[in-house]
Amino acid sequence: MTDSYDLIIVGGGCVGFAAAMYAGRMQLRTAIFAEQRGGTIILTDVVENYPGFKKLTGTELAEKIIEHAKEYDIEIFDEKVASVEKVGNCYRVSSRNQSLIAKTVLFATGTIWRKLGVPGEEEYANKGVHYCALCDGAFYKDKVVGVVGGSDSAAKEALLLTQWAKKVYIIYRKENIRAEPINTKRVAENKKIEIIPNTNVVEIKGGKFMNRAILDKPYNGSTEFSLDALFIEIGHIALSDLAKNLGVACNQKGEIVTNRAAETNLPGIYAAGDVGDAPFKQAITGVGEGVAAVFSAFEYVNNNTFDCPKDEKEEQE
Ligand SMILES: Cc1cc2nc3c(=O)[nH]c(=O)nc-3n(C[C@H](O)[C@H](O)[C@H](O)COP(=O)(O)OP(=O)(O)OC[C@H]3O[C@@H](n4cnc5c(N)ncnc54)[C@H](O)[C@@H]3O)c2cc1C
């Protein structure tokens, strides 16, 4: 019979695998569940702000972190976790094929796209309406496309789209976009990009494919705005339902509330990366939080006694 895991990490993005690397180094018995290895960062073409690497693609960064984690004795399950329950002072982590017991759990489940929530968005999903420029931008060579949003991610998406599209409009509800200064400058200097400020998209229309967005105020004299595609980049929603069902405290946005040691309100439960309530969400900050979580888990495992049951498979033997 095997002992329970010291740490189970739920989520296989850059934060989950960085935490797994650290946990492996600290000789915690560690498993990581990754529904999809790499997570959000693999959807961006260029990362220029991860210390140690002047410039690399998001996929390259994720691969480096995963390879680093695999240097240590960790177990990887390419599966989606369906539930996390408390058993004694331990936790049962269940997926379709596994039911494992852990002394501590780290949620690094990240986020999903926030939808615009306007008529036509669902109807034209993948028929002009998209959420990832790297994935779908190449379909729009020499076309006119829009990006909804004003964050750094939105600016980066717009810059990437200029590789294919002949014109890119950033449609933003406020006066000024709030990208990193270097990306704001790149947007301003790129002749293919035009910002339409103080404007909302209220509907998406078309035939078989979308062909126009309806704006809440006229642009060039009309609220009907011809576009071949619209990329929606208005933020993300934390994937915190598993944690919430366990009783982990979340803020109004659904993000898991943590302290600087990545601890949640429940003993032995940690959160890091985009699923957490830190205001600034980047790969490097998330990775740092993941490392803090592992250090907290290490202390917790070594300073407590546990009454973990064996997993179900072992109980039947
Ligand atoms: C367009 C864009 C550009 C960006 N550019 C940069 C940049 O240049 N530099 C930078 O530092 N950051 C950048 N970011 C932000 C960066 O991508 C995120 O901060 C980072 O990827 C967060 O990592 P994470 O591991 O917390 O979450 P994620 O990357 O979202 O990973 C979470 C993982 O958990 C998995 N998961 C979720 N639920 C479960 C479950 N129940 N069971 C198993 N697995 C599960 C998901 O499938 C996913 O693989 C960018 C983001 C976007 C959208």
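Into which domains is the chain divided?

## Domain layout

In this predicted model, the chain is divided into domain 1, which is made up of residues 5-112 + 236-316, and domain 2, which covers residues 115-232. The centres of domain 1 and domain 2, taken over C-alpha atoms, are separated by 33 Å, and the contact takes 8 residues from domain 1 and 8 residues from domain 2.

The size of an interface is often given as the accessible area lost when the parts come together. Domain 1 and domain 2 bury about 630 Å² between them, with 43% of that area on carbon and sulfur atoms. On the side of domain 1, Leu43, Asp45 and Glu48 supply 62% of the area buried against domain 2, which is more than any other three residues.

## The ligand and its shell

Where does the ligand lie with respect to domain 1 and domain 2? Both domain 1 (5-112 + 236-316) and domain 2 (115-232) give residues to the shell around the ligand, so the ligand lies between them. There are 36 residues around the ligand, and of these Gln36, Thr40, Val81, Lys156 and Ala283 come nearest. By residue class, the shell around the ligand divides into 13 nonpolar, 15 polar and 8 charged residues.

## Polar atoms facing the ligand

Two of the short distances to the ligand involve the protein backbone. A polar backbone atom of valine 81, a residue also listed among those that come nearest to the ligand, is 2.8 Å from a nitrogen atom of the ligand, and a backbone N or O atom of glutamate 35 lies 3.1 Å from a nitrogen atom of the ligand. With aspartate 274 it is the side chain that takes part, since a polar side-chain atom of this residue lies 2.9 Å from an oxygen atom of the ligand.

Taken alone, the ligand exposes 1000 Å², and the protein buries 95% of that area. The elements that give two or more residues to the shell around the ligand are helix H1 (14-25), helix H4 (152-161) and helix H7 (283-303), and H4 gives the most, with 3 residues.

## Positive phi angles in loops

Aspartate 142 is a residue other than glycine with a positive phi, near 60°, and is found in the loop between helix H3 (133-136) and strand S9 (144-148). Alanine 262, likewise not a glycine, has a positive phi of about 65°; the place of alanine 262 is in the loop between helix H6 (241-246) and strand S17 (269-271).

Terms used:
Residues numbered from 1 in each chain as written. Predicted model: local features only at pLDDT ≥ 70, side-chain atom pairs only at ≥ 80, totals over all residues. Heavy atoms only, no water. Near = heavy atom within 4 Å. Polar contact = N/O pair within 3.5 Å; in protein donor to acceptor, adjacent residues only side chain to side chain. Areas by Shrake-Rupley, 256 points an atom, 1.4 Å probe, with all protein chains shown as cover. Helix = DSSP H or I, 4+ residues; strand = E, 2+ residues; numbered from the N terminus. Nonpolar A, V, L, I, M, F, W, Y, C, P; charged D, E, K, R; others polar. Domains from an automatic or database assignment. Contact = heavy atoms within 4.5 Å. Buried area = accessible area lost by both parts, 1.4 Å probe.
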